[in-house]
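Subject: Structure handover

Hello,

Here is the structure for your files. My notes on what was found in it follow below.

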Amino acid sequence: MTIFVRIIVLAVVLGIAVVPALAQNKYVGAKQCSMCHKTEKQGKQFDIWSKSQHAKAYQTLVGEKANEIAKAKGIKTPAVEAKECLECHTLGKTVDAALLDKAFDIKDGVQCESCHGAGSAYKNMAVMKDKAKAIAAGLTEFKDEAAIEAFCKTCHNEKSPTFKGFNFKEMLGKIAHPVPKAG
Ligand code: HEC
Ligand code: HEC
Ligand code: HEC
Ligand code: HEC
């Protein structure tokens, strides 16, 4: 058996999702998603997100208020350079720079792929149109509302220095960006 086959067999035995781990999908950036997700018919997700606080999350780290918060936490660099702040104000985790496509712009803050997963393998039309294929190619699947809530709380929690609580239903309403129902 080749080592590759052994890894697959082991992963199947252990029940590990091996595809995303081996594929190493890259983060392509919100502008790549905007190409298709900006029309009225699609639901203008790009416009809605652009106007949201998430799109400004990186910018929030630039300035006095953020620097004071960072300083109070003992951080020696400006907030916008501190990984302790960047992780929640961009992708939700510290990401290997090798996984960032050259079109990816960290200044876009909390962006499409912070929530939907690295898009290099699912962003083309043939895959996107087929939800099962998109998920297999790395699109995050949310099983139900509870799963969405748990996901939001990976950033909206008391580790945020300015945390004031998180009303899930209300906050989900504020960022809603559905595909309009046909007809
Ligand atoms: C080439 C065009 C195209 C690009 C680029 C594209 N999408 Fe899509 N996307 C689509 C189409 C078409 C659908 C199906 C929409 C529908 O249900 O009518 C879709 C569906 C989706 C869905 C809903 C899946 C479901 O059925 O629940 C998500 C989430 C999504 N796209 C996110 C993204 C993200 C994030 C990016 C950028 C990384 C992206 N898309 C880039 C065309 C595209
Ligand atoms: C990657 C981390 C991250 C994730 C995941 C995340 N958020 Fe946020 N969210 C932030 C940050 C950071 C801000 C503050 C942005 C700013 O003001 O600069 C924010 C702000 C918001 C705001 C605006 C604040 C307000 O009071 O109006 C809403 C609404 C919101 N998030 C909803 C959600 C929902 C719903 C989810 C889950 C679907 C979610 N967020 C997931 C990081 C995240
Ligand atoms: C665990 C995730 C997380 C971490 C870590 C984090 N933030 Fe945030 N930040 C958020 C979220 C979520 C919000 C939206 C409001 C809230 O719930 O605190 C936010 C909001 C803010 C705001 C706007 C608050 C306002 O009232 O206008 C500032 C400024 C800020 N963060 C600075 C920082 C700095 C500086 C750091 C690093 C020391 C940092 N954040 C680390 C998640 C985080
Ligand atoms: C803060 C997290 C977050 C961000 C940022 C975000 N989304 Fe979403 N998106 C969600 C959640 C949660 C859902 C609902 C998923 C579900 O119901 O299964 C969703 C749903 C969607 C859908 C499917 C809507 C439907 O009716 O089926 C599309 C398409 C989509 N997002 C595209 C995008 C694009 C494009 C961007 C960037 C311009 C983006 N999203 C940014 C969390 C986010």
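**Ligand 3**

Around ligand 3 there are 24 residues, and those that come nearest are Cys85, Cys88, Lys159, Ser160 and Thr162. Two elements give two or more residues to this shell, helix H6 (64-72) and H7. H7 provides the largest share, 5 residues. By class, the shell around ligand 3 holds 12 nonpolar, 6 polar and 6 charged residues. Please keep in mind throughout that this is a predicted model.

**Ligand 2**

The shell around ligand 2 has 21 residues, with Thr60, Gly92, Cys152, Cys155 and Lys174 the closest. Its contributors of two or more residues are helix H5 (57-60), helix H7 (83-89), helix H8 (112-116), helix H11 (145-152) and helix H12 (168-174). H7 therefore appears in the lists for ligand 2 and ligand 3. The ligand 2 shell divides into 11 nonpolar, 8 polar and 2 charged residues.

**Ligand 1**

Ligand 1 is surrounded by 18 residues, of which Cys33, Cys36, Cys112, Gly119 and Met128 come nearest. Helix H3 (30-34), H8, helix H9 (125-128) and helix H10 (131-136) each give two or more residues to this shell. The largest share, 3 residues, is from H8. In terms of class, the shell around ligand 1 is made up of 9 nonpolar, 5 polar and 4 charged residues.

**Overall make-up and confidence**

The protein has 12 helices and 0 strands. Read along the sequence, the pattern is accordingly α-α-α-α-α-α-α-α-α-α-α-α. Of the 183 residues in the protein, 22% are buried. Among contacts with a separation of 6 or more, 55% are between residues 24 or more positions apart.

The average pLDDT of the protein is 90, and 87% of the residues score at least 70. Residues 8-21 have a pLDDT below 50, and beyond near neighbours in sequence this stretch has 7 contacts in the model.

**Nonpolar core**

Which residues make up the largest nonpolar core? There are 9 in all: Ala57, Tyr58, Leu61, Ala66, Ala70, Ala79, Cys85, Leu86 and Val110. H5, H6 and H7 are the elements that give two or more residues to this core. In soluble globular proteins, nonpolar side chains tend to be buried together. Cys85 belongs to this core and is also among the residues that come nearest to ligand 3.

Valine 110, another member of the core, touches His54, Ala57, His89 and Thr90 when residues up to four places away in sequence are not counted. Of these, Ala57 is itself in the core.

**Individual positions**

Glutamine 111 sits in the loop between H7 and H8. Is glutamine 111 buried or exposed? Glutamine 111 counts as buried because it has 25 C-beta neighbours inside 10 Å, where 20 or more are required. Its C-alpha atom is 7.8 Å from that of tryptophan 49, and the two residues are 62 apart in sequence.

Threonine 154 is placed in the loop between H11 and H12. With 13 other C-beta atoms within 10 Å, threonine 154 is partly exposed. Glycine 92 is 62 residues away from threonine 154 in sequence, yet the C-alpha to C-alpha distance is 7.6 Å. Glycine 92 is also one of the residues closest to ligand 2.

Lysine 44 lies in the loop between H3 and helix H4 (45-50). Lysine 44 is not a glycine but has a positive phi of about 50°. Its surroundings hold 16 other C-beta atoms within 10 Å, so lysine 44 is partly exposed.

Alanine 176 is in the segment after H12. Why does alanine 176 count as exposed? The reason is its 8 C-beta neighbours inside 10 Å, as the cut-off for exposed is 12 or fewer. The C-alpha atoms of alanine 176 and glutamine 45 are separated by 8.8 Å, although the residues are 131 apart along the chain.

Regards

Terms used. Residues are numbered from 1 along each chain as its sequence is written. Chains are lettered from A and ligands numbered from 1 in the order in which they are written. This is a predicted model: local features need pLDDT of at least 70, side-chain atom pairs count only at pLDDT 80 or more; totals for chains, interfaces and linings use all residues. Helices (H or I, at least four residues) and strands (E, at least two) are DSSP runs, numbered from the N terminus. Two residues are in contact if their C-beta atoms, placed from the backbone, lie within 7 Å. A residue is near a molecule or strand if its C-beta atom, placed from the backbone, lies within 6 Å of it. Ala, Val, Leu, Ile, Met, Phe, Trp, Tyr, Cys and Pro count as nonpolar, Asp, Glu, Lys and Arg as charged, and the others, Gly among them, as polar. pLDDT is the predictor's confidence in each residue, from 0 to 100. A nonpolar core is a set of buried Ala, Val, Leu, Ile, Met, Phe, Trp, Tyr and Cys residues joined through C-beta atoms within 7 Å.
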